[in-house]
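Me: I would like to work through this structure step by step, with the reasoning spelled out at each stage.

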Amino acid sequence: MTTQVEDLISKTQPPQQKYTAKDFQSDQDVRWCPGCGDYSILAQTQRVMPDLGIPRHQMVFISGIGCSSRFPYYMNTYGFHSIHGRAPAVASGLKLARPDLSVWVVTGDGDGFSIGGNHIIHLMRRNLDINVLLFNNQIYGLTKGQYSPTSETGKVTKSTPYGSIDYPFNPASLCLGASATFVARTLDRDPKHMQAILKRAADHKGTSFVEIYQNCNVFNDGAFFQFTEKETKEDSVVFIEHGKPLVFGKEKDKGIRLNGFTPEVVSLKDGKFSVNDLLVHDEKDTTLSFILADMTYKPHLPRPVGIFLAIDRPVYEEEMVRQIQFAKQKRGEGDMSKLLNSGETWVVQ
Amino acid sequence: MAGKTLKTLEEVTIRFAGDSGDGMQLTGTQFTNTTAILGNDLSTLPDFPAEIRAPQGTLFGVSGFQIHFGSTEINTPGDSCDVLVAMNAAALKVNLGSLVDGGVIIVNTDGFNDKNLKLASYQNNPLKDSSLSKYQVFEVDISKLTALALQDLGLSSKLVDRSKNFFALGLMYWLYNRPMDSTLDWLKKKFGNKPEILEANTRVLKAGWNYGETTEMFAVRYEVSPAKLTPGKYRNITGNQATAWGLMAAAKKAKLDLFLGSYPITPASDILHELSMYKQFGVKTFQAEDEIAGITSAIGASFGGALGVTTTSGPGVALKGEALGLAVMVELPLVVCNIQRGGPSTGLPTKTEQADLLQALYGRNGEAPIPIVAAATPADCFQMVFEASRIALKYMTPVFFLSDGYLGNGSEPWLIPDYNSMPDISAKFRTEAEGFLPYLRDEATLSRPWAVPGTPGLEHRIGGLEKQNITGNVNYEPANHELMIKLRAEKIERITNDIPLAEVEGDKEGDILVVGWGSTYGAIRTAVTRHREKGNSVSHLHLRYLNPLPKNLGEVLYKFKHVLVPELNLGQLVKVLRAKYLVPAIGFNKVQGLPFKAIEIEKKIDEIVKG
């Protein structure tokens, strides 16, 4: 006997049409503040979707609570705007029930790393094939301007009039520490880079975590301008790419070299070091991923942006399916009537 | 058997008690299975400490297992025990209070050395003074006899000591005239690949039996004839096992995969363990990182077209509150099993209580009605969790299934249901795109369509924000909010058309109606039966549907002069009945972490009878 889901999957033919970004726009008015970085993330996501080759009806966007979590309403796919912090758990249940679906989690720094911190780390270690987009704006926007777990120490907000005394999480390091298999960082104001990263995240088998620096122009305007604006970006950001040396700077005249385990900035101009002395990124190297992610928040180092790690590890839902198939092979398809009558029974005449 | 008298008993209650490492639960379970196969009606109650391995010999490390069996109808594990098997001094001290005057005590004398006596806070050895004179005490050095039986096997003293429970079991089999076959078979299955342990336990079991047979100590053996049970095929089942199987049956009958999201918690974990074994049925079990992930993963699975289930106890339900509200709002099927324990807070994890009824009814923010069903006996868990699933699927709603530690761990013989004649409860997925709106309701049930991801043309978004009627779009309009609140309430209220009427056991009108719910069934039934035998006008109504309540309940209550509501809480159902039906119902309450004794309810009814 087949289940209703099996029937559904077997009958469903993927539509032959070629999608455009417009096909992924829902009929709902987008209600973020004008100028919000979320608009760019929505646009890049809608642009990337047609390239994935996945029918729209097999995509699900799941979110928690916060500005970012309104995202699913604007995607013309299936969507679930759940409760604060719990999107990874809702998504896990859905993905386990339906490995055939493409499942995306959209979260923010408060939703994902404060109230939902527990779920995020467990999703990473389990490695379900789910894509997580973190909109990091280092502030609570929807509740109107309290500091978040990624806000810098000393930040003055409504709830920290004397400055925050919290030390911020670095989401990339945290996810690497939780044994994530794909960790990346991109910028709301760099559409091309974001599209490339989103594509890679979608293609990754296993949990992919993408931190997106996102400007909240109302409560934390300019938090990332040093990394996103033309004047400062090239000297403040190092784009890490697999197999390439870490070069940065307006004139491509600076690089990152490893001194022991410690990354340091070296000049390529003074003749002391050449490109050959620089650290070459290897996205399969877990140790290196920790070193690169740890450059974050270090004022003397450029901010690393790109894919920190992309490795293969068994995917949770496939392991679950494998165990079910193994049990069916070994014991035969479960028979409820047989089970009820199994073990020690006796007949009363 | 020369010289031994065989005496027939109608019913008997035995309590096995020892250190938590002494294997008393196993001994009790084996005795239970053998007794069930003999055709006795029975009821059991395990009673174990919260600590896994409490320090040996201490009072708080005592583990007990009580079985009440007979040739008549047995509804409770017994108010008090007739026989106490005590493996050490602490076990005697903790359990002596539940032994009837003149009862039998079988002690392992080795468990009464100075150290044991000190740990049990005995000034004098109770076996040596006259403090046990009102009981029949049989002193057996079980440890020594076990060691003797195994002396040529060269086993470690630890292994030898661990076998001694089988001596006690063998002796009790002999005393109550039960065959050893079923336990011998079980040993073979369990220890087939550990021949030493198999040999040791087999020998010790037989040594216990032979000891009874040959020693002069026991002049009388007892026999308990089979009970007159409804003809058919039976098995023994605990409440938690019945719950797991009921869920599996429901998923199959609904043509859905069963998904369990659960976080381990006493006394519900056995359902997670049980369901984890049945992967060949397509059951997906997910041990989540916490209670909240347990329920939210189940909601995610339901969104995807599985029968989503979460199992927990009271503290877990407290954590799941917000997600329950979400399930109400998004109107997805979900079964929430609360195996209640003593509260509040961490409370009494291994003890039983019924104090989460109001939590199930009201424990959420906003107006968030959730249907509630409750099992009356261990085997009834199968039927009622199946019902919970049926209601969840048909009405697209979370449903509470209430059980408790007493039902979950307790067991009883179960007339195995005919699976093939159980109803089809499938809720059909919406597949037609034409005219689809996420909150367009079924006219009869008011349930919304179940449109699962993967269905072309039905792409839609759901969430915890208030929905616009019919379209399901986010909507903050005052009138729409009130309409939606009322629609969700009305949907749950309409379930009254789909559940059985309240049916009284006994006369349909009279002086006293005892109204119960959940695990108090056996004690109430026993107490009411005794009163009816005395000619008193007392009837029993046991509610298995607690929200909504059966639609004839008011009429039923009004036909009695007095309504008595015994509950293992400070009066929760009684509040609901008084508020809803304006009847002067009175509560009878006990919150000791223990079930009611039938005698307690019998006495309370006495008070009312006497005015």
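Me: How many residues of chain B are in contact with chain A?
Reply: This is a predicted model, and contact here is judged by C-beta atoms that lie within 7 Å. On the side of chain A, 58 residues take part, and on the side of chain B the number is 66 residues.

Me: Which element gives the largest share of the side of chain B that touches chain A?
Reply: Several elements of chain B give two or more residues to this side, among them α1 (24–37), α9 (239–253), α11 (291–303) and α12 (314–330). By class, this side has 33 nonpolar, 21 polar and 12 charged residues. The largest share, nine residues, comes from α11(B).

Me: Which residue of β17(B) does His81(A) stand opposite?
Reply: Strand β2 (residues 78–81) of chain A pairs with β17(B) in the parallel sense, over three bridges. In β17(B), the residue opposite His81(A) is Gly463(B).

Me: Why is strand β3 (residues 41–47) of chain B largely enclosed by the rest of the structure?
Reply: In a regular strand, side chains alternate between the two faces of the sheet, so each face has to be considered. On one side of β3(B), Asp41(B), Ser43(B), Leu45(B) and Asp47(B) are buried, and on the other side Leu42(B), Thr44(B) and Pro46(B) are buried as well. The strand is therefore largely enclosed because the number of its seven residues that are buried is seven.

Me: Which residue in β4(B) stands opposite Leu42(B)?
Reply: Strand β3(B) and strand β4 (residues 62–70) of chain B run antiparallel and are joined by seven bridges. Within β4(B), the residue that stands opposite Leu42(B) is Phe69(B).

Key
Residues are numbered from 1 along each chain as its sequence is written. Chains are lettered from A and ligands numbered from 1 in the order in which they are written. This is a predicted model: local features need pLDDT of at least 70, side-chain atom pairs count only at pLDDT 80 or more; totals for chains, interfaces and linings use all residues. A residue is buried if 20 or more other C-beta atoms lie within 10 Å of its own, exposed if 12 or fewer, and partly exposed in between; C-beta atoms are placed from the backbone. Helices (H or I, at least four residues) and strands (E, at least two) are DSSP runs, numbered from the N terminus. Two strands pair if DSSP finds at least two bridges between them. Two residues are in contact if their C-beta atoms, placed from the backbone, lie within 7 Å. Ala, Val, Leu, Ile, Met, Phe, Trp, Tyr, Cys and Pro count as nonpolar, Asp, Glu, Lys and Arg as charged, and the others, Gly among them, as polar.
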